[in-house]
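Welcome! Here are a few short exercises to work through, each with a solution in steps. Take a look at the structure first.

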Amino acid sequence: MDVEVIKPLTPLYRPDERFEISAQGLEAWRQSACYQRVVDFYRHYPPRSLFNEAGRALLHHLIVMQRPERVLEIGTMFAGTTEVLARAVWEAGRGHVETIDPFGAERCPALIDAFPAELRERITFEPVSSAMHFNAAVEWGRSYDFVLIDGQHELEFVAFDLTFTARLMRPGGLIVLDNIEQIGPRFATKDFLANNPDWIDVADVVRLMDPTAPLDEPVASFPETKNYILQAPPTYLVGAVPRSSGTVRAEGGRIEGIELDLVRPASGILHVQAYVRTWGPGTGTGGEERTHRQTFSIKADRGRLRLPLETPLLSQVADHVDLDRRLEIIVAFVGDADLALAAPPMPYPARPRADFQR
Ligand SMILES: C[S@@+](CC[C@H](N)C(=O)[O-])C[C@H]1O[C@@H](n2cnc3c(N)ncnc32)[C@H](O)[C@@H]1O
């Protein structure tokens with residue numbers, strides 16, 4: 001494919017142009033001069049993007065308004081929409097775009113290399129499927145603020161991408177699904193919202209799907225696009241169904257307790273199970289697994305809370321550079337209402353490792 005001329009980097013927003021991420025906020029933006037400016041910029045550009053200009057403008061807008069730190073695009077294709085996402089984080093002044101495509105190893109790096117350095121440095125491409133990517137993301141404790149689901153569009157694939165993305169989202173994070181004119185993205189979203197009533201359908205349109213006309217194209221979250229926009233609950237909620245951190249790579253093999261950051265008062269019983277798993281020199285083929293289970297009776301106001309374990313969980317394998325240490329924290333809460341946290345529970349003093357780079 002020919003690489004076309006890349007437009008210069010241009011800010012599209014004035015500093016006072018702020019719009020809420022809500023049905024009303026999106027409508028106010030669509031009526032504004034700002035929308036015309038953004039949609040004009042993206043008219044027929046970049047031609048490698050499979051989004052139309054309204055869809056490209058919408059992605060740019062959501063990112064400039066939200067200012068995400070971590071963005072993920074599932075399905076790079078010709079990196080046209082990747083360029084839009086990177087332009088938006090550049091304009092927002094913060095953020096990094098990861099983009100993945102298992103069939104893009106030959107195609108995508110050269111396309112991304114043709115971008116200006118200011119965009120290139122904000123993009124990481126990996127030639128992997130969403131399943132492989134999620135596997136690594138859990139291992140390294142990675143979370144996202146903004147995810148575009150635009151990979152394999154069959155229902156089962158989108159349902160998987162959506163369910164797993166939700167698990168990795170930070171409170172208040174945004175998910176955009178493309179191609180809701182196809183049954184996979186559309187019905188995956190419908191099922192997801194039915195199973196996750198705390199999630200917000202930003203434009204409140206998914207409920208408009210006509211159950212008597214299952215093949216009809218539905219109303220999109222924004223006119224002239226093929227997108228649904230979902231928003232994660234503003235807090236990390238813990239109820240009676242246990243939530244797991246996954247087996248996260250860690251520094252250190254000692255857990256003395258966990259820390260919670262309560263965003264509202266809580267009253268009830270917190271069930272905690274913690275694991276320290278270690279593999280490497282001195283652990284034999286099966287590795288070492290230590291676990292501890294405990295319940296805590298909680299009656300607390302909002303704020304930080306440290307919950308010490310009766311017996312600290314301690315790996316018997318001394319620290320060593322070649323060790324593979326993993327932590328897992330599982331919590332469930334049975335009380336008047338769900339436990340509402342600012343972030344997932346954190347073990348101490350062992351911490352998940354922050355370095356995702358492989
Ligand atoms: C609709 S295209 C993406 C279009 C691109 N986001 C854009 O807007 O220009 C779908 C892409 O998903 C990729 N894909 C297929 N299976 C995938 C998977 N399991 N995980 C991630 N991407 C996948 C395909 O190779 C294809 O390039």
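**Exercise 1.** Find how far apart the C-alpha centres of domain 1 and domain 2 lie.

*Solution.* Keep in mind that this is a predicted model. The C-alpha centres of the two domains are 32 Å apart. To place them along the chain, take residues 23-234 for domain 1 and 238-352 for domain 2. Next, look at where they meet: six residues of domain 1 are in contact with eight residues of domain 2.

**Exercise 2.** Describe the surroundings of the ligand, beginning with its pocket.

*Solution.* Start with the location: the ligand occupies the second largest pocket. Then look at the shell, where 20 residues surround the ligand. Leu-50, Gly-75, Thr-81, Asp-101 and Asp-150 are the closest. Finally, sort the shell by class: six residues are nonpolar, nine are polar and five are charged.

**Exercise 3.** Which atoms of Leu-50, Asp-101 and Glu-73 pair with the ligand, and at what distances?

*Solution.* Begin with the ligand's oxygen atoms. One lies 2.9 Å from a backbone N or O atom of Leu-50. A polar side-chain atom of Asp-101 is 2.5 Å from an oxygen atom of the ligand. Now turn to nitrogen: a ligand nitrogen atom lies 3.0 Å from a side-chain N or O atom of Glu-73. As a last step, consider the surface: the ligand alone exposes 600 Å², and the protein buries 89% of that.

Conventions: Residues numbered from 1 in each chain as written. Predicted model: local features only at pLDDT ≥ 70, side-chain atom pairs only at ≥ 80, totals over all residues. Heavy atoms only, no water. Near = heavy atom within 4 Å. Polar contact = N/O pair within 3.5 Å; in protein donor to acceptor, adjacent residues only side chain to side chain. Areas by Shrake-Rupley, 256 points an atom, 1.4 Å probe, with all protein chains shown as cover. 1 Å grid on protein atoms, 1.4 Å probe; cavity = no way out; pocket = protein on both sides within 12 Å on 5 of 7 lines; lining within 4 Å. Sits in = over half its atoms within 2 Å of the grid points. Nonpolar A, V, L, I, M, F, W, Y, C, P; charged D, E, K, R; others polar. Domains from an automatic or database assignment. Contact = heavy atoms within 4.5 Å.
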